[in-house]
Amino acid sequence: MTSPTGTKCPTTNQIAHTGANSHASEIWDRIQLVPGVIGLFIVDSENILVKSTLDNSTTAQYSTPLKPLLDLAMMTVRDLNPLDRMQTLRIATLNYEIMIFPEKSYFLIAIQHNKNAKYLKP
């Protein structure tokens with residue numbers, strides 16, 4: 001698998017030895033079963049693709065602008081209360097919901113159809 005920038009990504013087996021990966025795998029498996037989820041991917045703290053259900057260009061289309069937004073949201077939470085930390089960032093558009101679950105060494109991003117959408121594209 002390659003990252004959105006074309007570099008080779010570690011396989012799931014190569015990252016399976018980290019403690020964080022078992023937690024990520026549990027979350028991954030649970031979110032994949034949610035009706036309406038159309039894409040799921042994990043990027044590391046350097047925004048390098050680790051795992052994705054989407055093609056590389058779609059993953060890059062989402063991950064590239066989301067990383068600075070996520071960093072800003074995390075800094076804002078930290079500035080408001082240094083003892084707190086952000087658990088989820090949810091962005092709702094007319095058609096989709098993007099949910100970002102930040103962890104210490106990776107970010108899991110889920111994209112699903114907005115169940116309240118009135119203008120879904122076919």
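Colleague: How many residues join β4 to β5 in their hairpin?

Modeller: This is a predicted model, and in it β4 and β5 pair in the antiparallel sense. Seven bridges hold that pairing. The hairpin runs from β4 to β5 through a link of three residues.

Colleague: Which residue in β5 does Glu97 stand opposite?

Modeller: β4 covers residues 96–102 and β5 covers 106–113. The two strands are antiparallel partners. Across from Glu97, the residue in β5 is Gln112.

Colleague: Which residue stands opposite Gln112 in β5 on the side of β1?

Modeller: β5 is also joined to β1, by seven bridges. These two strands run antiparallel. The residue standing opposite Gln112 here is Val37.

Colleague: What is the order of the strands in the open sheet?

Modeller: The chain has three helices and five strands, and the open sheet is made of five strands with antiparallel pairing. β2 and β3 are the edge strands, each pairing on one side only. On average, and with direction ignored, neighbouring strands are turned by 15 degrees against each other. The order is β2-β1-β5-β4-β3.

Colleague: Why is β5 described as largely enclosed by the rest of the structure?

Modeller: A residue counts as buried when its relative accessible area is under 20%. For the whole chain of 122 residues, 35% count as buried. β5 is largely enclosed because, of its eight residues, the number buried is seven.

Colleague: Which residue in the hairpin of β1 and β2 takes a positive phi?

Modeller: Three bridges join β1 to β2, and the two strands run antiparallel. Phe41 stands opposite Ser52 in β2, while Val43 stands opposite Leu49. The hairpin has four residues between the strands. The positive phi, near 65 degrees, belongs to Asn47.

Colleague: What distance does helix α3 reach from its first C-alpha to its last?

Modeller: α3 takes in residues 56–80, which makes 25 residues. At 1.5 Å a residue, the expected span is 36 Å. The model comes close to that, with a reach of 35 Å.

Colleague: Where in α3 does the kink lie?

Modeller: The helix axis bends by about 35 degrees. The kink comes shortly before a proline, Pro68. The residue at the kink is also one of the buried residues of α3. That residue is Leu66.

Colleague: Which strands do the buried residues of α3 pack against?

Modeller: In an α-helix, residues three or four places apart point the same way, because there are 3.6 residues a turn. The buried residues of α3 include Thr59, Tyr62, Ser63, Leu66, Leu70 and Ala73. The helix lies across the five strands, running at about 60 degrees to β4. The strands its buried residues pack against are β1, β2, β3, β4 and β5.

Colleague: What pattern does the chain follow along the sequence?

Modeller: Three helices and five strands have to be placed in order. The β4 to β5 hairpin puts those two strands one after the other. Read along the sequence, the pattern is α-α-β-β-α-β-β-β.

Terms used: Residues are numbered from 1 along each chain as its sequence is written. This is a predicted model: local features need pLDDT of at least 70, side-chain atom pairs count only at pLDDT 80 or more; totals for chains, interfaces and linings use all residues. Side-chain values use heavy atoms; hydrogens and water are left out. Buried means under 20% relative accessible area, exposed over 50%, partly exposed in between (1.4 Å probe, protein chains only). The expected span of a helix is 1.5 Å times one less than its number of residues. The bend at a residue is the angle between axes fitted to the seven residues ending there and the seven starting there. Contact means heavy atoms within 4.5 Å. Two strands pair if DSSP finds at least two bridges between them. Axes are lines fitted to C-alpha atoms, for helices over the stretch in contact, and angles run from 0 to 180 degrees between N-to-C directions.
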